[in-house]
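Reader: I'd love a close look at the pockets in this model. Could you walk me through what lines them?

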Amino acid sequence: PRMAFGPSDDIVAFYWQLGDDGARAEAATIPDLRRPASGGKDLDYLIEVVDLRNGKVMGGMILDTNDGGFSVRRMLVSAHCLVVEDSFGRTLLGSRKSGACTGKMFGTPAALSEEGGSLVVERDRHRLTVYDLASLQPQQELVFAHPVSGVHYGAQGKRLAVLTNDQVLYVIGLTCPACSQAAATPTSDPR
């Protein structure tokens, strides 16, 4: 399996295709495993979420790929939601509790803050969109002159650190959920 971590290092998700060695046997051990209507086919993904503080399985789900119509590139995980980047360049948002896909958007998931209730999706190398996790509505659109090379939430998801390829670090406040545009200002002179 591959591993995905969330904003804190306390939760990890293991994910692999059901047809891989040991995946079906592992699926049988997961309490309250959420399964698609098909029950899970070889090209679907088993996702198992584990609490690293105590080693206990928090739950899991089988992600229906429509007979291998897409593959999982990477994931972000938190206590309540799963964010999947698929091979079509989409971000899929799922509820860990219900196992249901709760939303889809185009772009690459860059950062997740369950505490702050938001998700950052990289629309292209210069543009980030901050989505509200509850409504999946865009809250802020951030545009940068240089390509984005890294994104990270600060404590409680109220600030976003964005590093661009010209080595400028932007720290952006996310306290206004109604904002449609954010002015990105660097924290230091890039020279």
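Author: Happy to; here is a tour of the largest pocket, followed by the second largest. Keep in mind that this is a predicted model.

Let's start with the largest pocket, which holds about 430 Å³ of space. Its lining is made up of 26 residues, and those lying nearest the centre are Gly6, Pro7, Ser8, Leu112 and Ser113. Three elements give two or more residues to this lining: β5 (72–77), β9 (108–113) and β13 (148–153). Of the elements, β9 gives the most, with four residues. If you are thinking about chemistry, the lining of the largest pocket divides into 13 nonpolar, eight polar and five charged residues.

Now for the second largest pocket, where the space comes to about 270 Å³. Here 19 residues form the lining, and Met61, Leu63, Asp64, Gly99 and Cys101 are the ones nearest the centre. The elements that give two or more residues to the lining of this second largest pocket are β4 (56–63), β6 (81–86), β7 (90–95) and β8 (101–106). The top contributor is β7, with four residues. By class, the lining of the second largest pocket has twelve nonpolar, two polar and five charged residues.

To find both places in your viewer, you could begin at the central residues: Leu112 and Ser113 are among those nearest the centre of the largest pocket, while Met61 and Leu63 are among those nearest the centre of the second largest. From there, look for β9 in the lining of the largest pocket and β7 in the lining of the second largest.

Terms used: Residues are numbered from 1 along each chain as its sequence is written. This is a predicted model: local features need pLDDT of at least 70, side-chain atom pairs count only at pLDDT 80 or more; totals for chains, interfaces and linings use all residues. Side-chain values use heavy atoms; hydrogens and water are left out. On a 1 Å grid over the protein atoms alone, a cavity is a set of points where a 1.4 Å probe fits but cannot get out, and a pocket is an open set with protein on both sides within 12 Å along at least five of seven lines; lining residues have an atom within 4 Å of a point. Grid points are joined across faces, edges and corners, and a volume is the space filled by probe spheres set on the points. Ala, Val, Leu, Ile, Met, Phe, Trp, Tyr, Cys and Pro count as nonpolar, Asp, Glu, Lys and Arg as charged, and the others, Gly among them, as polar.
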